[in-house]
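Before going further with this entry, I set down some comments on its interior and its surface openings. Please read them beside the sequence and the coordinates.

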Amino acid sequence: MDPLHLRSAGTSLVISFNSGEAEIIHWGADLGSALPDLAILGEPIPHSAIDATVPAGLLPQASSSWRGRPGLRGHRIADGVSGLDFSPRLRTVSARTEGNTALIGQADPDAAISVESTLTLHDGGLLELRHTVTNDGTTPYQLDELATVLPVAPDAVELLDLTGRWCRENHPQRRAIQQGTWVRTGRHGRTGHDSSLLLAAGTAGFGNRHGKVWATHLAWSGNHEQFTDTLGDGRTMIGGSELLGPAEVILEPGASYTTPALFAAYSDRGLDGISEAFYSWFRSRPHHVLPAAGGGKPRPVVLNTWEAVYFDHNLSTLIELADSAAELGVERFVLDDGWFRGRRDDHAGLGDWYVDESLWPEGLTPLIEAVTSRGMEFGLWVEPEMVNLDSDVARAHPDWIVGPAAVSYKDGGRLPLEWRNQHIIDLVNPEAWQYIHDRIDALLSENNISYLKWDQNRDLLEHGHGGRASVHEQTLAAYRLFDALKKGHPGVEIESCSSGGARVDLGILERTDRIWASDCNDALERQTIQRWTGLVVPPELVGGHIGPTTSHTTARTHDLSFRAITALFGHFGMEWDVRQVAGAEREELKRFIALFKEHRDLIHSGRMVRADVPDESLMLHGVVAAGPAQAGTTAALFALVSTRTTFAEQPGKVTIPGLDRDRTYRVEAISPTPGDTDYAHTYTQVQPPAWLADGAVANGRFLAEVGVPMPILNPEHALLVRFTAL
């Protein structure tokens, strides 16, 4: 059988069948159109080893003497005996390409198991891989794991992944790739605050703009594992799988299971090349939120009411807030938690998705009309997957509350411990699913709501249905709920919020229009959170808000310019009682809102660039126009961010990567500038660099190789620089 070769955007994927099973023998740099005879890749056979060449199969398996993690784990149950057919011997039965998609069938007739694999290399170089296993036998087959894995080259010697916690999501960690298995396990029932958005294996010291990198992301919002597996023979596999609970998936005769998609990218230009592949895929989706320049709708400036009023919902106060927001230039007003029956704090009301008549005797209509008459869209906070015990629905249907027992807590079953005073509603139960669907559907049908902030504020621990583990089915049921509501209300946008960034993955992003990266609006924390979230997710999908002067979650105090510049490189908004913003600060806030509107098409369509700055106290990132910029237009925006005091007296010349090297640009600082309220706080210098006051002109080559001297920034301040094409 001839090999299959997929090529796109500088990447090649080659699949060989010489061993009898499908084997990826190259995933990396483009190999051109002509391949040699792949017999050239025949490996030597060492002493004291299997007397045959061992393939690293598309589904690694012990029947081929693979000694690492197997791709398929499971067993057959027949005549009361379990553990049968524990070691499949899958061999290729079909292989073909359709465009840039490879379709491969493998089967083991003796074990009565078959697997269909789909590998698509998208136009921007992002690889998408799925497997579907089918029970071809006459007795049940219990599936324990079906993993999607890819080989990485021997020169991948370092691993970068991400971890975190509430209000500190997506922080990087590095380690050397060594023999053995490095596993990142998520048992949260949701993606998790500590989940790694990406596993990236690369050459020594790979960075933002240099080195070879092979990276994967598992598009699944439930329990999962991501791993690298390095064998004694030197080969390394990288991949992931859904983490199935005990007997969660038992395939009856003829039944199938499909893995979550594994998305993967190769780059020889560091992590920025990985981001380009993911951004290209996101932006090519038919339902992606495009900027106005791409024929879509600009991402509206948002005001969320949470840190403005919390649970204190009062119509006159909220109308005052809407007046203030509209005067600033806000385009979407989102009413957060506290609008439904019995909701005065976080102890009661979840599950009762009816407007509270005591707070809103005329319903939400007066507020919605006040908001929309001022030219803003109206959005609403919901948390459909959760329930408080102190709620009408919990009292009427205790059997709808998730727990490990087969009976409800009212009938003697045990409940999991509470988290934020709440439990989980069992969407696997068809009646519970239909109730939640109908209530949210009614809210959207009866009110002029353009946007849902869909929260999910706890882990799904001890998650069961009918006494059996059910995270798998709950995740699929949640997906069905999103899908049904989007189908019924196609004009409504949905944000995925999960106590901040605990459900950020491509599975949920197939169904939502934005994610909330973190409940933390502290600009210093957000610099890291947004930088690493943006490794995979483009800025138009990442909510970034200006919070109050003193952060609700950290008690840090920051100038407006630092908070605004941080929020600018995302889907921009505010979570702040803007009624209290007055005088020069209010005028400065208006300027930042206008600045976002002026440049949002660039920010939401351009190439993300992150510089490798030697001084670890500084971060330099920006967005460069995807195509040639017309003369006189903004070709790039960059932010220089000081996170702490510098080692040296001055930062010196900082190079600016990513610009057209043969194009000439005018370089100018646009915030803060003399006259801004934050100008004196931002710098600690007797004299600024020469270009700061009046700008400068240089070509991209000079800026990339020599750079420009930067001002001496105080810690936790930022400078916004514009590059205008000449």
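The points below take the nonpolar cores, then the pockets, and then the cavities.

1. The model is a predicted one, and the points that follow should be read with that in mind.

2. The largest nonpolar core holds 151 residues, and within this core Trp 27 and Trp 339 touch the most other members. Setting aside neighbours within four places in sequence, the contacts of Trp 339 include three further tryptophans, Trp 353, Trp 360 and Trp 381, together with His 313, Asp 356 and Leu 443, among others. A second core, separate from this one, has 29 residues, among them Val 613, Val 654, Ala 669 and Leu 703.

3. The largest pocket encloses about 950 Å³ of space. Its lining is made of 41 residues, and those closest to the centre are Glu 23, Ile 24, Ile 25, Glu 43 and Arg 235. Strand β3 (23–29) is among the elements that each supply at least two lining residues, as are β11 (148–152) and β18 (236–242), and β3 provides the largest share, with 7 residues. By type, the lining of the largest pocket divides into 21 nonpolar, 12 polar and 8 charged residues.

4. The second largest pocket has a volume of about 580 Å³, and of its 18 lining residues Arg 531, Trp 532, Glu 616, Leu 618 and Met 619 lie closest to the centre. Two or more lining residues come from each of β13 (171–176), α9 and β35 (618–624), with β35 giving the most, namely 4 residues. The lining of this second largest pocket comprises 7 nonpolar, 5 polar and 6 charged residues.

5. There are 5 cavities of 30 Å³ or more in the structure, and the largest contains about 180 Å³ of space. This largest cavity is lined by 15 residues, with Gln 530, Arg 531, Phe 569, Met 608 and His 621 nearest its centre. Helix α9 (523–533), helix α10 (560–568) and strand β34 (607–610) each contribute at least two residues to that lining, and the largest share, 4 residues, comes from α9. Readers may note that α9 also gives two or more residues to the lining of the second largest pocket.

6. The second largest cavity, with a volume of about 130 Å³, is lined by 15 residues, of which Thr 191, Ser 195, Ser 196, Leu 197 and Val 504 lie nearest its centre. Strands β16 (213–218) and β17 (224–230) each supply at least two of the lining residues. The lining of the second largest cavity divides into 4 nonpolar, 10 polar and 1 charged, whereas for the largest cavity the division is 7 nonpolar, 5 polar and 3 charged.

Notes:
Residues are numbered from 1 along each chain as its sequence is written. This is a predicted model: local features need pLDDT of at least 70, side-chain atom pairs count only at pLDDT 80 or more; totals for chains, interfaces and linings use all residues. Side-chain values use heavy atoms; hydrogens and water are left out. On a 1 Å grid over the protein atoms alone, a cavity is a set of points where a 1.4 Å probe fits but cannot get out, and a pocket is an open set with protein on both sides within 12 Å along at least five of seven lines; lining residues have an atom within 4 Å of a point. Grid points are joined across faces, edges and corners, and a volume is the space filled by probe spheres set on the points. Ala, Val, Leu, Ile, Met, Phe, Trp, Tyr, Cys and Pro count as nonpolar, Asp, Glu, Lys and Arg as charged, and the others, Gly among them, as polar. A nonpolar core is a set of buried Ala, Val, Leu, Ile, Met, Phe, Trp, Tyr and Cys residues joined through side-chain atoms within 4.5 Å. Buried means under 20% relative accessible area, exposed over 50%, partly exposed in between (1.4 Å probe, protein chains only). Contact means heavy atoms within 4.5 Å.
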